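User: Please go through this model with me. I want each term set against its definition.

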Amino acid sequence: MGTGHRVTTILAASAILVASCGGSALAPSAPATPTAAPPSYELWVVDQAETTPTGGGTLYIYKGASFKDPSPAPAYTVNLGEAALGVGDGVGKHGHSIAFNPAMTHAVISYVDSGHVQVIRASDRKVVASIKMTGSTAGAAQPHATAVTPANDAIIVANQGGKRLQRISADFKNDVYKLDGAADLDLSLLEDADHPGNLPVFPVFTPDGRYAYVPMRGGGAYVIDYQATPMKTVATLGKSAIGPQSCCATFVKDAIWTTAQGGATTTTTSFNLYQVTGLPEKPVAKKILSRTGNVESHSVILVGQYLWVADRFANTLDIVDQTGDARTLSLASGPLAGRDPAPDIMTLSPHEATVFVALRGKTPLTSNITGLDNAVGDVGGFAILAVTESGRDMAVSSFVALPIAAGASVVDPHGVRVRVIK
């Protein structure tokens, strides 16, 4: 692995460099141009493990500055079971993913087992809404993930079990939230031979904010006009273009990069990374990486100009440039050498120097394939990765093992997200 470069500023050398590049050298007495300090931030980590008989979970909030300490401790710990009592539809079970609204004033947690979507006000960490999504003849409600619209006025819900894309109207200023049933898009009605399992996974907005790209668990994806009532499809890709068990996706300019595990949900797994161009109306998918065995492409984020793809089964990180050239690095290295990290969701700090990645525990409550144990790890916490070479390389800096929370019997972190404090 490469190492970061230490830069020492010497005024005379700086003057020579500016002159040699065709600029005008500053006099030695000239004051340095002030640079803006990087924004402060928090890391929000959700442990899915039940803290009450009906569900719950634990939210850990770390101040970004705490990661300078060798043993960072959370600034706040929230029992999500207790916090949701008496709020809307009450307690959720297995808080699987977390998202923030664009203003970073509220978080949204999706409970994939019980069907709840909860809104948490960041200023006081209170659950201000709990809405149980509706199931259908296709199955019970299972919101896998949500995304708040760029206009900050609605929450788009990928209701996997109900095979629906749903919309919650959101007034974050006054904390008023309501499920808009008229907006429902019943994806089960669109199933065919090339769309055999329309379980929506994750909504990702196009760069202009006009549409949402939504991968399907059974393979393929849809481009959705989420502003329409009811929401409607604009374009589609089938299983023949993008294999099943899709998971995460991120835009790089006008193209989206998306992962798919491949195979059946209970028998096999594989590693696939696709690039989709031609959005929104004429999407075309190109497979960039593919391999089989004890591998599983999962989370994908953009770090600098590079795609980082976590392999939960193989304990690796693929760093891919935008031409498709990839380097595979071990996450069982440095402080995690000899361990079984089981990396999951990743998130990037605002200064782009650190990536945080959730590490699954010994008893994963979701996403594990019986007999394969693809999601089983031995840490149960999160890793702190130092970004080097502008995203082309990394080093495992340290990791934090979470305790068994009050009321819980296991540790199983999954959702992890950075909140920028504006």
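Analyst: Leaving out neighbours within four places in sequence, Phe356 is in contact with Tyr41, Leu43, Phe67, Ile345, Met346, Thr347, Ser349, Phe382, Ala383, Ile384 and Val418. The model is predicted: local features need pLDDT of at least 70 and side-chain atom pairs pLDDT 80 or more, while totals for chains, interfaces and linings use all residues. Residues are numbered from 1 along each chain as its sequence is written, and side-chain values use heavy atoms, without hydrogens and water.

User: What makes these residues contacts of Phe356?

Analyst: Contact means heavy atoms within 4.5 Å, and the residues listed for Phe356 meet that.

User: Why is the set with Phe356 called a nonpolar core?

Analyst: A nonpolar core is a set of buried Ala, Val, Leu, Ile, Met, Phe, Trp, Tyr and Cys residues joined through side-chain atoms within 4.5 Å; buried means under 20% relative accessible area (1.4 Å probe, protein chains only). The largest such core has 34 residues, and Phe356 is among those with the most contacts inside it, as are Leu43 and Tyr62. Apart from it lies another core, of 20 residues, including Trp308 and Met346.

User: How do you know that β26 and β27 pair?

Analyst: Two strands (DSSP runs of E, at least two residues, numbered from the N terminus) pair if DSSP finds at least two bridges between them. Strands β26 (residues 354-359) and β27 (residues 381-388) have six bridges and run antiparallel, so they count as paired. Phe356 has Ile384 in β27 as its bridge partner.

User: What makes β25 and β28 edge strands?

Analyst: In the open sheet β25-β26-β27-β28, β25 (343-348) and β28 (393-401) each pair on one side only.

Terms used:
Buried < 20%, exposed > 50% of the residue type's maximum accessible area, 1.4 Å probe, protein only. Helix = DSSP H or I, 4+ residues; strand = E, 2+ residues; numbered from the N terminus.
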